[in-house]
Amino acid sequence: MGKLYVVGFGPGGYEHMTKKAIDVIERADVVTGYTTYINILKEYFPNKYYIATPMMQEVKRCEMALEEAKKDQVVAMVSSGDSGIYGMAGIIYQLADEKGLSKDVDIETVPGVTAASAAASVLGAPLMHDFAVISLSDLMTPLDLIMKRVDCAGQGDMIVCLYNPKSKKRTGYVEQAAEILMKYRKKETPVGIVRNAGRKDETMTITTLEKLKEAEIDMFSVVIVGNSQTYVKNARMITPRGYAIG
């Protein structure tokens with residue numbers, strides 16, 4: 001029986017990979033994934049056999065991983081962050097079921113440090129209360145539904161963590177989300193922007209909901225919008241949990 005691990009290797013740096021993720025990648029006969037992720041891993045695991053596919057070939061990539069596992073090999077299907085959060089785990093399980101491979105391939109999900117927690121650690125402690133993670137990419141989800149979710153999170157006074165906030169084609173979605181959230185919270189609400197969280201060229205900026213439209217943001221950024229209680233102290237975002245202090 002083949003073995004397929006769907007591995008989240010964290011934000012990118014070796015120090016953020018779990019021991020299990022490292023062990024699985026080192027043990028794998030084949031490591032497969034998105035080209036950018038494979039190039040990251042080659043620095044730390046140079047002697048592995050890799051199969052990479054470019055963006056927009058997620059289904060093909062997962063089919064290849066299942067085919068390799070069918071050969072009674074150990075396969076590591078890698079994703080940055082957590083493989084079960086906007087990663088490949090869902091597609092793998094769906095394809096295995098559709099193709100009737102559940103008896104031929106043993107699938108196991110290996111969790112990793114996701115972008116939200118990596119970015120939050122850089123900013124301080126912004127996720128200390130209830131929060132929502134919302135992707136602003138409308139490749140898989142209609143834009144009106146995305147903005148409805150942003151609106152609901154705003155009504156609930158939830159901290160909002162935005163993935164895929166801006167690309168060359170999607171230049172105004174993050175500003176639209178900010179306008180929606182300002183219906184429910186002050187324009188001075190702190191907003192943290194972390195680019196390349198956990199990687200060598202990591203950067204961090206703290207701004208406000210009103211000034212978010214002026215910030216430099218791209219697809220490598222994670223945007224965290226505080227709730228009504230979030231504040232900034234010593235260049236760190238802090239969301240109180242509610243403990244009585246002092």
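Leaving aside its neighbours within four places in sequence, which residues is Q176 in contact with? Keep that one in mind while we set up the view.

This is a predicted model, in which local features need pLDDT of at least 70 and side-chain atom pairs count only at pLDDT 80 or more, while totals for chains, interfaces and linings use all residues. Residues are numbered from 1 along each chain as its sequence is written, and side-chain values use heavy atoms, with hydrogens and water left out.

**Stop 1: the whole chain**

Start with a cartoon view. You will find seven helices and 13 strands; helices (H or I, at least four residues) and strands (E, at least two) are DSSP runs, numbered from the N terminus. The radius of gyration is 19 Å, close to the 18 Å that the globule rule gives for 246 residues, so the protein is as compact as a globular protein of that length. Here the radius is taken over C-alpha atoms, and the rule is 2.2 Å times the number of residues to the power 0.38. Turn the model along its principal axes and the C-alpha trace spans about 55 × 40 × 35 Å.

Now switch to a surface. About 12600 Å² is exposed, and carbon and sulfur atoms supply 52% of that area (Shrake-Rupley method, 1.4 Å probe; for residues, only the protein chains shown count as cover). Of the 246 residues, 46% are buried; buried means under 20% relative accessible area, exposed over 50%, and partly exposed in between (1.4 Å probe, protein chains only).

Colour by charge next. There are 30 positive and 30 negative side chains, and the centres of the two sets lie 3 Å apart. Lys and Arg count as positive and Asp and Glu as negative, without His and the chain ends; each charge is placed at NZ of Lys, CZ of Arg, CG of Asp or CD of Glu.

**Stop 2: helix α7**

Select Q176, found in helix α7 (residues 173-181). Back to the opening question: beyond those sequence neighbours, Q176 is in contact with L143 and M147, where contact means heavy atoms within 4.5 Å. Q176 is partly exposed, at 35% relative accessible area. Add K213 to the selection: it is 37 residues from Q176 along the chain, and their C-alpha atoms are separated by 9.2 Å.

**Stop 3: the loop after β3**

Select P54, in the loop between β3 (50-53) and α3 (58-70). Leaving aside neighbours within four places in sequence, P54 is in contact with Y34, T35 and R61. The C-alpha atoms of P54 and T35 are separated by 5.4 Å, with their positions 19 residues apart along the chain. P54 has 40% relative accessibility and counts as partly exposed.

**Stop 4: two positive phi angles**

Most residues other than glycine have a negative phi, and most peptide bonds are trans. With that in mind, select Y86, whose phi is positive, about 60 degrees. Y86 sits in the loop between β4 (74-79) and α4 (89-98). Then go to N234, with a positive phi near 55 degrees. N234 lies in the loop between β12 (231-233) and β13 (236-238) and counts as exposed, at 69% relative accessibility.

**Stop 5: the cysteines**

How many disulfides does a search of the whole structure find? It finds zero, a disulfide being a pair of cysteine sulfur atoms within 2.5 Å. Select C152 and C161: the sulfur of C161 is 17 Å from its closest cysteine sulfur, in C152, too far for a bond. C161 is buried at 0% relative accessibility, whereas C152 is partly exposed at 44%.
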